[in-house]
Amino acid sequence: MTATSDTGIGTGTTSTPGTAAVPPPGPPNDMTAHQKKRLRVRLGHRRLLTRRDRITLGLMAGVPTILHVALVWLTALASIALAFTTWDGIGFDSITWVGLQNFRELFTSNPQFWPAVEHNVIWFVVLILIPTPFGLFLAVQLDKKIRFSRVYQTAFFLPVVVSMAVIGFVWQLVYNPDTGLINSLIGANEPGHYIDWIGDPDLNLWAILIAASWRHTGYMMILYLAGLKGVDPSLREATALDGANEWQTFKNVIFPTLRPTNTVVLVVTIIEALRAFDLVFVFNKGAQGTELLSILVTNNIIGESSRIGYGSAIAVVLLVISLAVIIPYLIATFRKERRA
Amino acid sequence: MSTVSALGKQRTPLRPARILLHTFLVATALAWLAPLLWALYAALRPYAETSTKGYVSWPDKLSLDNFTNAYVQSDMMHYFGNTLLIAVPAVLVTLFLSSMVAFYVSRFDFRVNLFLLLVFTAGNLLPQQVIITPLYRLYLLIDLPGITMSGKLYDSALGLVLIHVAFQSGFCAFVLANYMRSLPHELTEAALVDGASVWRLYWQIVLPLCKPAMAALATLLSIWIYNDFFWAIVLISTGENMPITSALNNLSGQYFTDPNLVAAGALLTAIPTLIVYFALQRQFVSGLTLGANKG
C-alpha cells in the first residue's frame with residue numbers, strides 16, 4: 001500500500017502465489033530453504049516466550065486494539081444500530097426501534113439528501129479529472145532533474161500543509177462579494193453587480209471545488225513524484241535510444257509502471273471526496289448548494305435539531321460507500337504484501 | 001549508452017524547451033501561491049485604508065498591526081496552548097501504542113496478524129462522520145469528575161487526545177509494521193535466544209532502529225492533529241477549550257466585518273505548521289509516501 005513498496009513490487013520481483021507451493025529449480029530453492037528456516041525460528045519463538053513475555057505481548061497488542069476498536073469500530077457499529085431507531089438523546093428509554101423508516105424518509109422526502117450525494121459524486125469526479133492529472137503532469141515535469149525543483153515543489157505542496165479551515169478563510173478573501181480579489185479585479189464588487197461566489201447556489205460548489213482542487217494538486221504531485229522515483233532509469237534510457245519522444249515514453253513506459261501509484265491515488269481521491277467537510281463548513285456550513293453527506297451528519301449533531309437515528313442513517317450510507325472502496329483495496333494490498 | 005546517462009547526469013544547458021518549462025513552472029507556482037500571498041497582502045493593510053481605496057490598490061501603509069491585534073484580541077496564545085495540550089500527548093501516545101502493535105504484528109507470527117492490521121488500517125480510512133454520532137453521545141455519557149474541566153469526556157482535551165490516538169494509530173501501525181518487517185529477523189532472534197524479554201526486544205532493539213520512520217510519522221501526525229478541525233468542532237463546546245483551528249472559526253464570526261484581521265488570524269494559525277514543514281520537509285514527504293493510503 002505504501003507507494004514505494006508498491007512500486008517495488010510492480011517493477012521488480014514478479015512473484016506468483018504458486019512459488020511457495022511448487023518450488024521450481026534454481027534460486028527459488030534458496031527461498032524455500034529460507035522460508036523453512038524462518039518457520040523453524042518462529043516456532044522456536046513460541047517456545048522461548050516465558051509466561052511474562054506472553055502477558056507483555058498480549059498487553060502490547062491488546063491495549064491499542066481495544067482503544068481503536070472501541071472508539072472506531074464499535075461506534076461505527078453503533079451508528080448502524082442507531083440508524084434503525086429514533087432517539088432524542090435524552091435517556092436510553094427514549095430509543096425506539098423504527099426499522100427502515102429513517103432510510104425511507106432519507107431517500108424519499110429529505111430535500112437535502114440526493115443533492116448531497118450528487119455533490120459528493122461531483123467532488124470526486126472533479127478531483128479525479130482536474131487536479132489529479134495536473135498533479136501527475138507537474139510531477140513528470142519536476143522529475144526531469146531541473147533546477148529549483150525543490151522551490152516549485154514547495155509552492156505546489158504548501159496548500160497541503162495548511163489546515164483546511166485556514167484554506168477556507170484564505171479563499172473567502174478571494175471570493176468575498178465586495179472585498180474579494182476576483183470581484184475587485186473584474187469590477188463585480190459594486191452593489192447590484194455582485195457575483196456572489198459563496199451565496200449563489202449555482203456557483204458556490206464550484207468555487208469551493210476550485211479551492212479543493214488547488215490543495216489536491218499538490219498532494220497528488222507528491223504521490224506521483226514518489227511513484228516516479230520507482231521507475232527504472234534503464235527503461236527510460238532504452239526508450240530514449242529507440243528514439244521515442246516525450247509523450248510516447250510517458251504513454252508507453254512511464255504511465256504503465258505507475259499503476260500501483262494510480263491505485264493509491266484513486267483510493268485517496270475517493271476517500272477525500274467522501275471526507276470533504278472542513279472547507280464547506282468554513283465557507284457556508286453546507287447551506288444552499290453545497291450540501292454534502294458529511295455536513296448533513298454533522299448538522300444533525302451540532303445543529304438545533306438532534307435527530308440521532310436520522311443522522312446515523314446518513315452516516316451508514318457514508319459507511320457503506322467507504323467500505324465498498326476500502327475493503328477490496330486493502331484485501332488486494334495485503335494479499336500482494338503477503339506474497340512479497 | 002554512456003552518452004545517454006552522461007546527458008542525464010549533467011546539469012542540462014538551457015535549451016528553449018527548458019526555458020519554456022521554467023516559465024510555465026514559475027507562472028504556475030506564482031498562481032499557486034497567489035491566494036496565500038493575497039491573504040498576506042490583505043493582512044498587512046489597515047482596514048480603514050482598504051475600505052476606502054478598495055482591496056486591489058497600492059498600499060499607503062503596510063504594517064503588522066493586524067497580526068498583533070488578531071494575536072492579542074483573540075487571545076491566541078491561549079488557543080495555541082490548548083492545541084499543544086492536545087497535540088503533544090496525542091502524537092506521543094499514538095506513536096507509542098501503534099509501535100507496540102506494529103512490533104507484535106511484524107515480529108511474531110500469530111494467526112491474527114493480518115486481520116489485526118486490516119482492522120487498524122481500514123479504521124483509519126473511514127470518514128470521521130461515520131462514527132461521530134455515537135461517539136458524541138458516548139463522550140457525553142462518560143463522567144470524569146475532577147479529571148477534566150468539564151467533568152465529562154465531552155468538551156475536554158482528554159477526549160480529543162483519545163480520538164486522535166484511536167484514529168491515527170491505524171495509519172501509524174500500518175506504516176511501522178511495514179518498516180519493522182524490513183528489519184532482519186536475526187536481530188531479535190539472537191536476543192531472544194540469549195534470554196532477553198519481549199519488552200526489551202521492543203524497547204531496546206526494535207524501537208531505536210525505527211527512529212527514521214518514527215520521526216517521519218511524528219512530523220505528519222503533529223501537522224494533522226494541529227490542523228484538525230472536525231473533531232474539535234463537534235467534541236468541544238466551550239470556546240475557551242477549543243484548539244486554535246476551531247477557535248479561528250469563532251474569531252472570524254466575531255470580526256467578520258474586518259477581513260484583514262481575519263486574514264491575519266488565519267495566517268498566524270498556519271505559521272506553526274509551516275515552520276514544522278520547512279524544518280522537517282524531508283520527514284514530512286517521506287512519511288506521506290510511506291503510507292500513501294492516507295486520506
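Here is a quick tour of a few spots worth finding in this structure. Keep in mind that the model is predicted. We'll start in the nonpolar core, move to a buried asparagine in chain B, and finish in a loop of chain A.

**The nonpolar core**
- The largest nonpolar core has 199 residues.
- Which of its members touch the most other members? They are A:Trp123, B:Phe103, B:Trp231 and B:Leu235.
- Take B:Trp231 as a closer look: leaving aside residues up to four places away in sequence, its contacts include B:Ile131, B:Ile132, B:Leu135, B:Leu160 and B:Ile163.
- B:Gln128, B:His164, B:Phe167 and B:Ile236 are also among the residues that B:Trp231 touches.

**A buried asparagine**
- B:Asn124 sits in helix H6 of chain B, which covers residues 113-125.
- Is B:Asn124 buried or exposed? With a relative accessible area of 0%, B:Asn124 counts as buried because that value is under the 20% cut-off.
- The side chain of B:Asn124 reaches over to B:Phe167, where it meets the backbone oxygen at 2.9 Å.
- B:Phe167 may ring a bell, as B:Trp231 touches it too.

**Positive phi in a chain A loop**
- Most residues other than glycine have a negative phi.
- A:Lys145 isn't a glycine, yet its phi is positive, at about 55°.
- You'll find A:Lys145 in the loop between helix H6 (131-142) and helix H7 (149-161) of chain A.
- A:Phe148 lies in the loop between H6 and H7 of chain A, and its phi is also positive, near 60°.
- A:Lys145 is exposed, with a relative accessible area of 60%, and A:Phe148 is exposed at 55%.

Technical notes:
Residues numbered from 1 in each chain as written. Chains lettered and ligands numbered in written order. Predicted model: local features only at pLDDT ≥ 70, side-chain atom pairs only at ≥ 80, totals over all residues. Heavy atoms only, no water. Helix = DSSP H or I, 4+ residues; strand = E, 2+ residues; numbered from the N terminus. Buried < 20%, exposed > 50% of the residue type's maximum accessible area, 1.4 Å probe, protein only. Polar contact = N/O pair within 3.5 Å; in protein donor to acceptor, adjacent residues only side chain to side chain. Core = buried A, V, L, I, M, F, W, Y, C linked by side-chain atoms within 4.5 Å. Contact = heavy atoms within 4.5 Å.
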